Amino acid sequence: MQQPAAYGYHPVTGLPYSHKTKLAAGLLSIFFGYFGAGRFYAGHTGLGFAMLIVNIVLTVISLGMWLFVAWIWPVIDGIVLLAGEPKDKNGLPLR
């Protein structure tokens with residue numbers, strides 16, 4: 001017998017939904033994605049650190065010029081989080 005999930009089950013996979021939301025992850029990525037906030041929220045610390053390190057290193061190397069294009073990666077990542085089927089660190093779909 002399956003335990004009841006707090007937020008229900010994904011209709012296709014049958015996996016229980018994560019307690020984290022796609023909306024929060026996507027908006028964090030769009031507004032604070034330079035720091036990897038959306039990925040840290042979803043539990044993907046490796047990708048969050050990669051975003052943070054790449055943006056800091058490229059900003060330092062380019063003497064700040066990178067800041068003009070650094071928004072591209074987080075905005076695209078935020079759109080992917082909002083429109084896709086992202087999962088948290090445990091492999092559960094974000095609700």
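**An all-helix pattern and its surfaces**

Read from one end of the sequence to the other, the protein follows the pattern α-α-α-α. The model described here is a predicted one. In total it has 4 helices and 0 strands. Along the principal axes, the C-alpha atoms fill a box of roughly 60 × 20 × 15 Å. Of the 95 residues, 32% count as buried. The accessible surface comes to about 6000 Å², and 75% of this area belongs to carbon and sulfur atoms. Among contacts with a separation of 6 or more, 50% join residues 24 or more positions apart.

Helix α4 is a good place to look at how a helix can have two faces. This helix covers residues 72-83, and its 12 residues should span 16 Å at 1.5 Å a residue; the end C-alpha atoms are indeed 16 Å apart, which agrees. Within α4, the residues P74, D77, G78 and L81 are buried. These four cover an arc of only 105° around the axis, so they sit on the same side of α4. What covers them includes α1 (22-32), α2 (37-42) and α3. The face turned away from this buried side carries the exposed residues I76 and A83.

Attention now turns to the outside of the protein. A nonpolar patch on the surface is formed by L47, F49, I53, V54, V57, L58, I61 and W73, which together have about 680 Å² of accessible area. Helix α3 (residues 45-61) supplies the largest share of this patch, with 7 residues. One residue of α3 is V57. With a relative accessible area of 39%, V57 is partly exposed, because that value lies between the 20% limit for buried and the 50% limit for exposed residues.

Notes:
Residues numbered from 1 in each chain as written. Predicted model: local features only at pLDDT ≥ 70, side-chain atom pairs only at ≥ 80, totals over all residues. Heavy atoms only, no water. Patch = residues over 30% accessible without salt bridge, like charges linked within 9 Å, V, L, I, M, F, W, Y side chains within 5 Å. Areas by Shrake-Rupley, 256 points an atom, 1.4 Å probe, with all protein chains shown as cover. Salt bridge = Lys/Arg side-chain N within 4 Å of Asp/Glu carboxyl O. Helix = DSSP H or I, 4+ residues; strand = E, 2+ residues; numbered from the N terminus. Buried < 20%, exposed > 50% of the residue type's maximum accessible area, 1.4 Å probe, protein only. Expected span 1.5 Å × (residues − 1). Arc of directions from axis to C-beta. Contact = heavy atoms within 4.5 Å.
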